[in-house]
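Me: Please take me through this structure in questions and answers, and explain each term when it first comes up.

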Amino acid sequence: MKLIIHRGANEIGGSCVELSSSSTRIFLDLGQPLDNRKVQLPENLKDSSGILISHAHADHYGLIDQAPPEIPLYCSQITKQLIQASRIFTGKPLLTQKFIDFHKWEKFQIGDFVITPYLMDHSAVVSFAFLLFGFSSSLFFMF
C-alpha cells in the first residue's frame, strides 16, 4: 500500500490523498483549497478506480467536477444530495458522474481495498472517516 498526500497536510482544506496498491488507485477527497487558488489535479487521477468523498464541504469535494467522468464517486446519499443542491444554488449544472452510495459501518470494496465508513461528528451532516484494508496493510483516514 502506497500513500501520497497531495494536499491538506500543511494547510486546512483542499484535502486530496491518494492510496494505491499494485493494481488499484483510489483518492480520498478531491477538495478545493479554502483560498480558492487554482491547483493541478494529480496526473494519475485518470487511472483511478474511484474517489471517496468524506463529507459535503467543498474543501473535500470541490474539484470532483474536474475529474474524468468515468471515475465513480463514492459517498453517502445525503452527501450526494447536498453536493447537487449546492450546485443549484451556485448556478452550476448538476454533476453527471456516477455516484455510488455507501452506508455507515457497511464494508464495501474498490479493487484491492476493503473500506469501512465510520460516521464522524463534524459540522457537515453525515461525515465519514474510513478504515481501509489492502493486503497486509491498513489505514484509518479521518479528515
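Reply: To begin with surface patches, these are made of residues with over 30% relative accessible area and no salt bridge, where like charges are joined within 9 Å and nonpolar side chains (Val, Leu, Ile, Met, Phe, Trp, Tyr) within 5 Å. A salt bridge is a side-chain nitrogen of Lys or Arg within 4 Å of a carboxyl oxygen of Asp or Glu. Accessible areas come from the Shrake-Rupley method with a 1.4 Å probe, and for residues only the protein chains shown count as cover.

Me: From which number are the residues counted along each chain?

Reply: This is a predicted model, so local features need pLDDT of at least 70 and side-chain atom pairs count only at pLDDT 80 or more, while totals for chains, interfaces and linings use all residues. Side-chain values use heavy atoms, with hydrogens and water left out, and the residues of each chain, as its sequence is written, are numbered from 1.

Me: How much accessible area does the nonpolar patch on the surface have together?

Reply: One member of the patch, Leu82, sits in helix H2 (residues 77-89), where helices (H or I, at least four residues) and strands (E, at least two) are DSSP runs numbered from the N terminus. Leu82 is partly exposed at 36% relative accessible area, given that buried means under 20%, exposed over 50% and partly exposed in between (1.4 Å probe, protein chains only). Together with Ile78 and Val125, Leu82 forms a nonpolar patch with an accessible area of about 230 Å².

Me: How many disulfides does the structure hold?

Reply: A disulfide is a covalent bond between the sulfur atoms of two cysteines, recognised here as a pair of cysteine sulfur atoms within 2.5 Å. The sulfur of Cys75 is 16 Å from the closest cysteine sulfur, in Cys16, which is too far for a bond. Cys16 is buried, with a relative accessible area of 0%, and Cys75 is buried as well, also at 0%. The number of disulfides is zero.

Me: Which residue in S6 is the bridge partner of Cys75?

Reply: Strands of a sheet pair through backbone hydrogen bonds, either parallel or antiparallel, and two strands count as paired if DSSP finds at least two bridges between them. Six strands form an open sheet of mixed pairing in the order S1-S2-S3-S4-S5-S6, with S1 and strand S6 (99-101) at the edges, each pairing on one side only. Strand S5 (residues 73-75) runs parallel to S6 and is joined to S6 by three bridges. In S6, the partner of Cys75 is Asp101.

Me: Which residue in S10 is the bridge partner of Leu132?

Reply: An open sheet of four strands has antiparallel pairing and the order S7-S8-S9-S10, and its edge strands are strand S7 (108-110) and strand S10 (137-141). Strand S9 (residues 127-134) pairs with S10 over five bridges, in the antiparallel sense. In S10, the bridge partner of Leu132 is Leu139.

Me: What is the relative accessible area of Ser15?

Reply: Ser15 lies in the loop between S1 and S2, and Ile12 is also found in the loop between strand S1 (2-7) and strand S2 (16-20). Ile12 counts as exposed, at 73% relative accessibility. Ser15, however, is buried, with a relative accessible area of 9%.

Me: How far apart are the C-alpha atoms of Ile12 and Tyr118?

Reply: Along the chain, Ile12 and Tyr118 are 106 residues apart. In space, their C-alpha atoms are separated by 21 Å.
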